[in-house]
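Morning, everyone. Please pull up the sequence and the model, and we'll walk through a few local features.

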Amino acid sequence: MQHAAPRTIGETLLKVEDVSLGFGGVKALSGVSFDVRRGEIRAIIGPNGAGKSSMLNCINGFYQPSDGRITYKGKARGAMRPYEAARDGIARTFQNIALFRGMSTLDNIMTGRMLKMNRGFLWQCLHWGPAQKEEIEHREAVERVIDFLEIQAIRKVPVGRLPYGLQKRVELGRALAAEPELLLLDEPMAGMNLEEKEDMCRFILDVNEQFGTTIALIEHDMGVVMDISDRVVVLEYGRKIADGVPDEVKADPKVIDAYLGTGHG
Amino acid sequence: MIYREAGQYKTSYAADQAIFPILQDRIGLAILLLVAFVGAPLVASDYILSTILIPFLVFSVAALGLNILTGYCGQLSLGTGGFMACGAYAAYKFATAFPELNIVFVFLLSGGVTAMVGVVFGVPSLRIKGFYLAVATLAAQFFLIWLFTKVPWFVNYSPSGVISAPPRSVFGFYVTGIEATSHAKYIFCLSFVALLALVAKNLVRGRVGRAWMAIRDMDIAAEIIGIRPLHTKLLAFAVSSFYCGVAGALWAFIYTSSVEALAFDINRSFQILFMIIIGGLGSILGSFLGAAFIVLLPILLNAGPTAMGAPLSTSTIAHLELMTFGALIVFFLIVEPHGLARLWQIGKEKLRLWPFPH
Ligand SMILES: Nc1ncnc2c1ncn2[C@@H]1O[C@H](COP(=O)(O)OP(=O)(O)OP(=O)(O)O)[C@@H](O)[C@H]1O
Ligand SMILES: [Mg+2]
């Protein structure tokens, strides 16, 4: 992981313009535009089915928008596969945990380093010399993530056996291991108890502060969102209804109507 | 307290990532290798070597191959027999076309050819999964066997279609053909198997293995962290088919000394699949345990009742064998998908705590 840098919010890292996405008759997104600046924590909120996850899926190439443009690091992107987004420095976690259940915590997080490991196949057959050296180097990086997330005790445990809250943490670890420039978190605190939420909040803030990672996150817990994010986008029925700093958004009558009024607060 | 890792602190990640991090395991492996390379050839009869140990070794290679594809990468295949046939015929073609070529290279080359064939048949795996992929590999199975029976070029235009393996030697010892002793064949086979097992273990504990397992466990998440699905699956098909091809070549040249397509029909594919299910999906050790189990089961079913004075007829044994497989496969699929290898591991964990169970 990178060394600590003072927290600064820089130029635009990601720009979404007029993005639309449809599934048959369902319009998941219609003409959504917003931007994410380097170094900030950007929240995407909205009622269930508003299109938040679909938005993240478009950003990391899992869905292809039917219309509109996504510019990342100053370059307009064409249709791309998720692994290409990963190569460009975008990592993410999922709303429903997407860990490799048959593998240990350590191996799961090691997979996050996949793109940084490039010793060839023949070296892999030997698992010796450069291949072993590379394996150890990346193991050290992974151990730093493990220390950071305080999950040393479950290093060798198959993730399928871990409780839900820890699985979410391991999934964050796998994303962090990739040292992303842009980290997408889909409801990182859903289903957690208060203590687990507090831990997760702390990790998110620390990642952002210590490593300067830009974070775009979806979260239903309004208290958390308003607390940790720099700016908030609000979606409803696939459309953007508000965008701004937490205080503005909180006071926006459209948001109160659409979202806070529906009992999510 | 015979088997425990307490007190064996790993002072470096290198030690922690070693192939056998626990001292007792290393000693165990050393003893096993000593028994296999020195003990067995000294005490085992020709009969045991050629009807139990050599087929066990050959099956182990095939099981390793299928386990890489199905157990590690999650791509179900019923084409194992076809790929073994591919290796056997490729070895025959190479051995007869280049009589000077060392048999070791002949086997490696036939593995290479089979790997390429495997890649071709692996392409559909990008689009289809599970049951449908199994059906596609079944097509490979039938197509390959059909090809080898129908095209006389593969058997150098021999009228019967059955051909015997030409004699070849390594370090002055015949390892194939009629002059080869079972001892020479066994040692040759064993060396091959030991090396292939080491390579397989190295692959699965590193980057390549993690990519395979990621695809197996959740291909969507794998792609999102930068793993290219097609690339990774095709590599699994290639490596797996390489192993199956070498297994087929060993089968034809060392075990049966004849190349015939019938030996590699669909039943062979199922047999290898049973081995990895019983032995343990996604386990190198499991591939060996499964192969041993399936080689030994008919022998035990035969010897047991005979020793008790009630010998069974061959057909009864065949039925019993199938029933036992059926029961065990259901048991392992439902209760313990990681097979005998997992039972072995649980046993070791118990031993580690013994005599204090908590
Ligand atoms: N793969 C898909 N196929 C069909 N429809 C989809 C698909 N993915 C999303 N949708 C639809 O798109 C709309 C937006 O879904 P999305 O998952 O983006 O909402 P969300 O804001 O993340 O909701 P939640 O808060 O429940 O996670 C929904 O109506 C959903 O049914
Ligand atoms: Mg969602």
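Is B:C73 buried or exposed? It is buried, because the relative accessible area of B:C73 is 0%. Keep in mind that this is a predicted model.

Staying with B:C73, where is the closest cysteine sulfur? It sits in B:C244, 14 Å away from the sulfur of B:C73. A disulfide needs the two sulfurs within 2.5 Å. So that distance is too far for a bond. Over all chains, the count of disulfides is zero. In chain A, A:C58 is another buried residue, at 1% relative accessibility.

Next, the metal. Which atoms coordinate the magnesium ion, ligand 2? They are OG of A:S53 and OE1 of A:Q95, at 1.9 to 2.1 Å. A:S53 belongs to helix α1 of chain A, residues 52-59. A:Q95 is in the loop between β6 (90-93) and α3 (105-111) of chain A. The two are 42 residues apart in sequence, so the pair ties together separate parts of the chain. As for exposure, A:Q95 is partly exposed, with a relative accessibility of 32%.

Last, the sheet in chain A. It is open, with four strands in the order β2-β1-β4-β5. The pairing is antiparallel. Which strands stand at the edges? Those are β2 (26-37) and β5 (75-76) of chain A. Each has a single partner strand, so one side of each has no neighbour in the sheet. Now look at β1 of chain A, residues 12-23. Eight bridges join β1 to β2(A), and the two run antiparallel. Within chain A, A:G22 stands opposite A:K27, which is in β2(A).

Note on methods:
Residues numbered from 1 in each chain as written. Chains lettered and ligands numbered in written order. Predicted model: local features only at pLDDT ≥ 70, side-chain atom pairs only at ≥ 80, totals over all residues. Heavy atoms only, no water. Buried < 20%, exposed > 50% of the residue type's maximum accessible area, 1.4 Å probe, protein only. Donors = N, O, S within 2.8 Å, 3.2 Å for Na, K, Ca; no water. Pairing = 2+ DSSP bridges.
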